Amino acid sequence: MPEVTAPDRKIQFREKVMWTAITLFIFLVCSQIPLYGIMSSDSSDPMFWMRVILASNRGTLMELGITPIVTSGMIMQLLAGANVIEVDYSLKEDRALFAGAQKLFAMIIAFGQATVSVWSGVYGDPKEIGAGISLVLVLQLCLAALLTMLLDELLQKGYGVGSGISLFIATNICENIVWKAFSPTTYNTGKGTEFEGALIALIHLLFTRRDKFRALKEALYRSNLPNISNLLATVVVFAVVIYLQGFRVEIPVKSNRVRGQQGSYPIKLFYTSNMPIMLVSAMVSNIFFISQLLHKRFPENIFVRLLGVWKNLEGVPQEFATGGFAYYISPPQSLAAAFLDPLHFIVYLAFMLSACAFLSQTWIEVSGSSPRDVAKQLQDQGLVIVGRETSMYRELKRIIPTAAAFGGLCIGALSVTADLLGILLAVTIIYQYFEIFAKEQLEAPDLF
């Protein structure tokens, strides 16, 4: 498998920013290049719910987004954590072999998703497209997935800032938020022409409607297009997440090698960051993808219907889950829909909270951040907890799993709101980039 070689010198921060910008530019260009050979894109989109947070753009080279990478990474990490496959991360050969296997598995997933998408008629009837064009479509999607993996690897190897996955997600979500706020696209809703962008629609309605109060109410609460309430709630969720990011437990540590040297080891409330919601999103997107394709082929099969029933709503080509397991793990389309079907909302809420808490606790065990792993890292650095020199592992075990579970629970609770707003991942990723820039600024004050 192609790979990016690690840098043989220290990459300056300005150069990292440059490579990050180049990587983002390539991603944005690929997100606008249409796939060659598409006959129709009017059919229902199997990945409609998850496109924003999986950095995917329908009908373009970024059709699959980061789905193969996230799914492959999740499965390989779980296999390694469960000792199904033996990996010694202290050995360079094992790390290289594991990374290569992960990329190969991601390419297999990309090939499978591309083949199923083409075969199921997402881009048009395969019989009309022809075998040659169908093969070209699959090849385009696989090569684009490989390019996405290499761009992510380029940043993770140290040439850029952060990771490609985080960068692509944040960019896609922020682009979506800005578009919903300022989109100049117009629609005829039956009440006259309205703008898609919430802010532009507010100004337009206030200037064109005689009843200003009714115009303001419509701009705040309209259900068919982005509204001001969603925009204001976005700001509120952004502020809440930033506030919660500051919650942490400082464990005092000291060196048993250098006398008098002391410090602290911070354990954040969001100990696993946004990883729980990313894992849940990857899992749910694959369930939706499989369920919708199976329902299209076998709509009367009882097992397929238990997995999910999909129907077109309000005359639009996009299908939505209206029954089965897929319906209950999908977010309500609006607050009104949550009140009309409270059972759906309760089951969805319970699923999100339990899944995020469980995956957060599981992730610390398979990602090298469990209490035992952290205790070993501190001991290797010659650090001990002040006043608890003989029970470091016990003290960390008391704090870390609680922080992971409660942090995952908070992420799940926020995501219930953020699913309607689409910003939770963006906020946590932007905060991570802020911390990276602040750290670089401290190390090199004359950087900017």
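User: Over the ring of which residue does the charged end of arginine 372 sit?
Analyst: This is a predicted model: local features need pLDDT of at least 70, side-chain atom pairs count only at pLDDT 80 or more, and totals for chains, interfaces and linings use all residues. Residues are numbered from 1 along each chain as its sequence is written, and side-chain values use heavy atoms, leaving out hydrogens and water. A charge sits over a ring if NZ of Lys or CZ of Arg is within 6 Å of the ring centre and within 35 degrees of the ring normal. The charged end of arginine 372 is 4.5 Å from the ring centre of tyrosine 393.

User: How far is arginine 297 from the ring centre of tryptophan 119?
Analyst: Arginine 297 lies over the face of the tryptophan 119 ring. From the ring centre, the distance is 4.3 Å.

User: What length does helix H3 reach from its first C-alpha to its last?
Analyst: Helices (H or I, at least four residues) and strands (E, at least two) are DSSP runs, numbered from the N terminus. The expected span of a helix is 1.5 Å times one less than its number of residues. H3 covers residues 92-119, which makes 28 residues, with 40 Å expected. From end to end, H3 reaches 40 Å.

User: Which helices do the buried residues of H3 pack against?
Analyst: Buried means under 20% relative accessible area, exposed over 50%, and partly exposed in between (1.4 Å probe, protein chains only). The buried residues of H3 include Phe98, Lys103, Met107, Gln113 and Val118. Their packing partners are H2 (67-81), H4 (126-129), H5 (131-159) and H10.

User: Which glycine with a positive phi follows H3?
Analyst: Look just past the end of H3. The phi there is positive, near 90°, and the residue is glycine 121.

User: Which residues does serine 291 contact, leaving aside neighbours within four places in sequence?
Analyst: Serine 291 lies in H10 (residues 275-297). Its relative accessibility is 0%, so it counts as buried. Contact means heavy atoms within 4.5 Å. The residues in contact with serine 291 are Leu307, Gly308, Trp310 and Ala326.

User: Why do tyrosine 243 and phenylalanine 247 count as an aromatic pair, and of which kind?
Analyst: The structure holds four aromatic pairs. Rings of Phe, Tyr and Trp (its six-membered ring) pair if their centres lie within 6.5 Å; planes under 30 degrees apart count as stacked, over 60 as edge-to-face and the rest as tilted. The rings of tyrosine 243 and phenylalanine 247 have centres 5.2 Å apart and planes at 75°, so the pair is edge-to-face.

User: Is tyrosine 243 buried or exposed?
Analyst: Its ring partner phenylalanine 247 is partly exposed, at 38% relative accessible area. Tyrosine 243 has 57% relative accessibility, so it counts as exposed.

User: What is the order of strands in the open sheet of three strands?
Analyst: Two strands pair if DSSP finds at least two bridges between them. E3 (residues 248-255) and E4 (residues 262-268) pair antiparallel over seven bridges. E3 also pairs antiparallel with E7 (residues 383-385), over three bridges. The order is E4-E3-E7.

User: Which residue of E7 stands opposite valine 253?
Analyst: Valine 253 has glycine 263 opposite it in E4. Opposite valine 253 in E7 stands isoleucine 385.

User: Which glycine takes a positive phi in the hairpin of E3 and E4?
Analyst: This hairpin has six residues between the strands. The phi in question is near 85°, and the residue is glycine 260.

User: Which residue of E6 stands opposite tryptophan 310?
Analyst: E6 (residues 319-323) has five residues, four of them buried, so the rest of the structure largely encloses it. E5 (residues 309-312) pairs with E6 in the antiparallel sense over four bridges. Opposite tryptophan 310 stands alanine 321.

User: What is the C-alpha to C-alpha distance from serine 354 to glycine 412?
Analyst: Serine 354 is in H14 (residues 342-366). At 43% relative accessibility, it counts as partly exposed. Serine 354 and glycine 412 are 58 residues apart in sequence. In space, their C-alpha atoms are separated by 8.0 Å.

User: How far apart are the end C-alpha atoms of H6?
Analyst: H6 (residues 164-182) has 19 residues. Among its buried residues are Gly164, Phe168, Asn172 and Ala181. At 1.5 Å a residue it should span 27 Å, and the end C-alpha atoms agree at 27 Å.
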